[in-house]
Amino acid sequence: MANDFVSKLVTADPGLPRPNPTQSYWQHIPHALADVQSSVLPNDRDFAIIGSGITGLAVAKSLLERHPTATVTVLEARTLCSGATGRNGGQMAANAGEEYMHLAETHGPETAGKIVDFTFRNLEKMQEMIEAYDAVEVSELQRLQKLRVFLTPKKFEDFKTSIARLEQDHPSKKGMYTILDTDAVAEGYGIHGAAGGALLSAGTIWPYRLVTKVFAALLEKYPGRLTIETHSPVQSVEHYSTFASPITTVFPYTLRTSRGPLRAGTVVHCTNGYSGHLLPKLRGLVHPFKGTMTVQDPRDSVPNQGTSVSWGFHYIPSYDPETKRHGYGLYYLGQSAKTGYFYFGGENARIEESVSSDDTFVAEPSVTHLRSVLPRFFGKSNQSNWGLVSSWSGIMGFSSDGLPMVGRLPSALTGRRGDSEWIAAAFNGYGMANCLMSGEALALMMLGEDVSQWLPIAYGLGKKRLQETLTIPETVSALSSKL
């Protein structure tokens with residue numbers, strides 16, 4: 001019964017992004033391009049990119065820079081950057097270290113090491129892009145250390161074992177993580193109740209401001225080649241045989257949108273948790289996962305550490321049979337260096353609330369939980385008077401094997417003739433450590449370049465992955481184990 005219930009959740013049509021989502025704090029002052037669109041929807045475009053988050057931006061930017069004449073249209077169902085990128089936790093941090101043991105056992109040390117390298121290089125390239133577009137101040141970039149806090153001895157021991165294996169397999173990575181004991185976490189960082197911790201290089205950012213600023217720069221630089229069409233949800237993608245007429249030889253795809261049709265040579269899906277709507281055969285292989293975020297004001301009750309540290313709190317996933325609520329094992333926390341506000345998220349919700357693509361509401365019990373948990377980490381009362389500045393929900397994309405999907409979509413997954421549909425999606429809550437280079441890799445692959453030296457092979461859509469790990473039974477098994 002549990003498996004049937006979970007199967008229905010993960011294979012449901014996620015639909016289009018809802019037109020009236022909860023308001024993300026990051027977007028409370030909309031960018032001037034928030035509602036940008038052409039007076040008439042353009043047609044006959046070389047590339048149509050669906051989605052305007054960091055992944056869609058990376059694809060568009062790379063195509064425009066690497067191809068001298070390519071025409072690109074970015075289609076967005078809602079306002080610019082209103083999906084996961086504009087609704088996330090603002091964390092620039094990788095999780096490959098704590099995942100290394102599992103990755104090495106599943107994919108081998110070489111591929112696992114590539115994933116570690118890829119995620120950390122992605123974060124470096126994020127900072128390079130921020131600096132190149134003079135966005136350090138506007139995006140409130142902070143280069144700092146991430147303090148991973150382990151709330152149980154078991155989680156701490158598992159982490160240390162994973163890091164030891166990483167350093168054994170890849171000696172050059174020694175020193176990436178600094179292990180801290182209980183006293184060091186409490187005395188150095190004021191965090192109470194930890195079994196231990198670890199430090200690694202990371203950052204925090206206002207992601208919406210970065211993406212919108214770079215899009216604005218691209219529109220200015222490539223006015224004849226780039227258009228951005230917000231409030232233009234893609235309702236379907238159709239492929240016509242190249243023998244139908246001469247025009248469809250060059251532009252064989254028709255994207256049906258709320259503003260009319262658009263013909264394109266190549267279609268790029270950067271829709272993450274919503275991917276299964278236009279690609280029904282992906283339902284269950286990638287599924288939406290709804291996250292909850294809050295902005296809380298500690299009102300000077302704790303020191304402002306926003307320039308030096310961000311936090312992740314790890315615990316063993318839990319399930320309460322009485323309330324049927326799941327604790328998913330991670331809280332994530334950053335602090336504004338300017339205001340002192342805490343940006344705090346993490347999931348404690350019923351499974352049907354979490355495996356959902358509906359971001360039009362935020363569950364009150366989830367917000368209440370986040371408000372009660374955060375002050376305790378700093379040794380404050382559960383009944384704290386910290387102010388709630390904002391709360392919202394956002395939709396992430398998760399895969400059955402915990403890895404992104406980056407590559408050309410085979411016709412077995414599109415259900416359409418043609419071989420010019422591509423995808424970069426399913427970032428499993430770590431988009432900031434994967435999206436930029438995944439989008440770049442996708443663009444380069446579309447232009448015929450070889451990216452195999454740096455894009456992990458495990459991110460691809462090969463037959464072995466589709467037969468063994470990227471499957472509906474694997475997704476159901478992973479989620480059902482929590483019931």
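Start with Asp 359 and Arg 87: in this predicted model, their side chains meet in a salt bridge, with 3.8 Å from N to O. That's inside the 4 Å cut-off used for such a pair. Side chains of opposite charge can pair when their charged atoms come close. Where do these two sit in the chain? Arg 87 falls within the 1-88 stretch of domain 1, while Asp 359 falls within the 288-397 stretch of domain 2. Between domain 1 and domain 2, the count of salt bridges is two.

Now step back to the domains themselves. Domain 1 is put together from three stretches of the chain, 1-88, 209-285 and 401-481, and domain 2 from 141-203 and 288-397. Their centres, taken over C-alpha atoms, lie 29 Å apart. Where they touch, domain 1 brings 26 residues to the contact and domain 2 brings 25.

How much area do the two domains bury between them? It comes to about 2,100 Å², and carbon and sulfur atoms supply 62% of that. On the domain 1 side, the residues that lose the most area to domain 2 are Leu 9, Thr 22 and Tyr 25, which together make up 28% of what that side buries. Polar contacts turn up here too: 10 residue pairs across the interface of domain 1 and domain 2. If you want a place to look on domain 1, try helix α1 (residues 2-11), which gives the most to the side touching domain 2, with four residues. Sorted by class, that side of domain 1 has 14 nonpolar, nine polar and three charged residues.

Let's zoom out to the whole chain. Its secondary structure adds up to 15 helices and 18 strands. The radius of gyration is 22 Å, close to the 23 Å that the globule rule gives for 483 residues, so the chain is as compact as a globular protein of that length. Along the principal axes, the C-alpha atoms fill a box of roughly 70 × 45 × 45 Å.

Salt bridges aren't limited to the domain interface: a search of the whole structure finds 24. One of them pairs Lys 173 with Asp 117, at 2.9 Å from N to O. This pair links distant parts of the chain, 56 residues apart: Lys 173 is in the loop between α5 (153-169) and β5 (178-180), and Asp 117 is in helix α4 (residues 109-132).

Finally, have a look at both ends of helix α6 (residues 182-189). At its start, a side-chain oxygen of Asp 181 reaches to within 3.2 Å of the backbone nitrogen of Asp 183. After α6 comes Gly 190, with a positive phi near 70°.

Key: Residues are numbered from 1 along each chain as its sequence is written. This is a predicted model: local features need pLDDT of at least 70, side-chain atom pairs count only at pLDDT 80 or more; totals for chains, interfaces and linings use all residues. Side-chain values use heavy atoms; hydrogens and water are left out. Domain bounds come from an automatic or database domain assignment. Contact means heavy atoms within 4.5 Å. Buried area is the accessible area (1.4 Å probe) that two parts lose on being put together, summed over both. A polar contact is a pair of N or O atoms within 3.5 Å; within protein, one must be able to donate a hydrogen and the other to accept it, and residues adjacent in sequence count only if both atoms are side-chain atoms. Helices (H or I, at least four residues) and strands (E, at least two) are DSSP runs, numbered from the N terminus. Ala, Val, Leu, Ile, Met, Phe, Trp, Tyr, Cys and Pro count as nonpolar, Asp, Glu, Lys and Arg as charged, and the others, Gly among them, as polar. The radius of gyration is taken over C-alpha atoms; the globule rule is 2.2 Å times the number of residues to the power 0.38.
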